[in-house]
Amino acid sequence: MGNPVVIVGSGLAGYAVARELRKLNAEIPIVMISADHGGFYSKPMLSNALSTGKTPESILNGDAVQMASQLKITIRSHCRVTAIDQPGCAVILVGGEKIFYDQLVLALGADQVSLPLSGDGVAKILTVNDLDDYKKFRDALAGKKRVSIIGAGLIGCEFANDLATTGYHVDVIDISAQPLGRLLPSEGGSFIRQKLEESGVVFHLNASTQSIDQVRERLCITFANDASIETDIVLSAVGLRPRTQLAAAAGIPVNRGILVNRLLQTQFSNIYALGDCAEVEGKVLPFVMPITHAARALAATLSGNPTPVLYPAMPVIVKTPACSTVVSPPDFSIQGEWHVDADKDGVKALYRDETGNLLGYALLGAATKEKNNLTAQLPPVLM
């Protein structure tokens, strides 16, 4: 056989491709390169692990040795790719070692966005983007009582609910006027805010964080209006930035993500990308379901059956037990508007185009029971 399929990245996307490819072809050599320990776990579990009693050790489904044996692949853990030699069909590791490939899959993931803040406490800001980060965060929580989260998006709200349920005082800071501002109409934002406040979360909205300073044993967060709060821990959850640097340095076109076609193929026919690092026809979708569909299609392509990815409607379940929430974000580039029914038990928000076609929805509280019926009415995300 020739050179292996090389997968750079051991997150959900990398493992999903390896697993799907192995189902189709038991013999093709697969090498996975991981910058960390290379074990497999569900990253979405990190934002509700405290209240569900999950330790970092119990979140790990299998270490690199176990996963290599299970999938019959080679896993190079604690290895970092520094460059792609595209003409030579090789990736170059720290130290200069080359690993040659027939086909290369970039499953690089995304980095947490860092805000340009001032103050001598900035170095104390924590982020949770992988299992090692989560271990550090759990260790930092020991003996602490107050946690401040910068960012009231999906991850910020999930961590806020998890921490409040576990007994911490939680402050959530965001420049928006409501939580989940990119996903919910104002009525939905008000509803989830109320439910999270009832669980103990304190919101500071329309608030821009300017600086973080060490004040004795605590951190002082100062806003643009000079108001401030003190906290024990600051967790930043202001968004993700696709990891595109490796691809760009190799001459692979990038935009918000690594640009790929419907075959998840870059400009170079034997280099592919999927997951949080990839941009498919203008869409960067950092959720589990798109990765699942992309991995299945890419595995077929890698095994010799070119298969374009198809994205059906893919609702996102927000892990906030204080407020059941399901969102199927519409394509806001299509002209339309929200139609909202709200009462004390829930919010049903339907985004319809000018002719009345359903393009997306946001369901909170009692309205989440309509998820399946409404999802069946949605157009596919990508046909």
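**View 1. Strands E6 and E7 run antiparallel to one another, paired over four bridges.** This is a predicted model, and we start with one small corner of it. E6 takes in residues 81-85, while E7 covers residues 90-93. To get your bearings, look for Ile84: its bridge partner in E7 is Val91. The two strands make a hairpin, with four residues between them. In that turn sits Cys89, which has a positive phi of about 50°.

**View 2. E7 also pairs with strand E8, again in the antiparallel sense.** Here the pairing runs over three bridges, and E8 spans residues 98-100. Ala90 is a handy landmark, as it stands opposite Phe100 in E8. E7 and E8 form a hairpin too, with four residues between them. Look in this turn for Gly95, whose phi is positive at about 100°.

**View 3. Cys89 and Cys157 are both cysteines without a disulfide partner.** How many disulfides does a search of the whole structure find? Zero. For Cys89, the closest cysteine sulfur belongs to Cys277 and lies 19 Å away, so the gap is too far for a bond. To count as a disulfide, the two sulfur atoms would have to be within 2.5 Å. Cys157 is in no disulfide either: its nearest cysteine sulfur, that of Cys323, is 9.4 Å off. Are these two residues buried or exposed? Cys89 is partly exposed, at 24% relative accessible area, whereas Cys157 is buried, with a relative accessibility of 0%.

**View 4. Leu180 sits in a loop, and Cys157 turns up again as one of its contacts.** The loop in question runs between strand E12 (169-173) and helix H6 (186-198). Leu180 is buried, with just 1% relative accessible area. What does Leu180 touch, once residues up to four places away in sequence are set aside? The list is Ala152, Gly153, Leu154, Cys157 and Ile192. For a sense of scale, pick out Lys72 as well: from C-alpha to C-alpha, Leu180 and Lys72 are 41 Å apart in space, and 108 residues separate them in sequence.

**View 5. Gln265 is a buried residue in the loop between strands E19 and E20.** E19 is made of residues 258-260, and E20 of residues 271-273. The relative accessibility of Gln265 is 17%, and it counts as buried because the cut-off is under 20%. Its side chain reaches the backbone oxygen of Ser269 at 2.8 Å. Leaving out neighbours within four places in sequence, Gln265 is in contact with Leu259, Val260, Ile271 and Tyr272.

**View 6. Stepping back, the protein chain has nine helices and 26 strands.** Its C-alpha atoms fill a box of roughly 60 × 60 × 35 Å along the principal axes. The radius of gyration is 22 Å, which agrees with the value near 21 Å for a compact globule of 383 residues. Of those 383 residues, 51% count as buried. Among contacts between residues at least 6 apart in sequence, 59% join residues at least 24 apart. As for the outside, the accessible surface comes to about 17,100 Å², and carbon and sulfur atoms account for 50% of that.

Notes
Residues are numbered from 1 along each chain as its sequence is written. This is a predicted model: local features need pLDDT of at least 70, side-chain atom pairs count only at pLDDT 80 or more; totals for chains, interfaces and linings use all residues. Side-chain values use heavy atoms; hydrogens and water are left out. Buried means under 20% relative accessible area, exposed over 50%, partly exposed in between (1.4 Å probe, protein chains only). A polar contact is a pair of N or O atoms within 3.5 Å; within protein, one must be able to donate a hydrogen and the other to accept it, and residues adjacent in sequence count only if both atoms are side-chain atoms. Contact means heavy atoms within 4.5 Å. The radius of gyration is taken over C-alpha atoms; the globule rule is 2.2 Å times the number of residues to the power 0.38. Accessible areas come from the Shrake-Rupley method with a 1.4 Å probe; for residues, only the protein chains shown count as cover. Two strands pair if DSSP finds at least two bridges between them.
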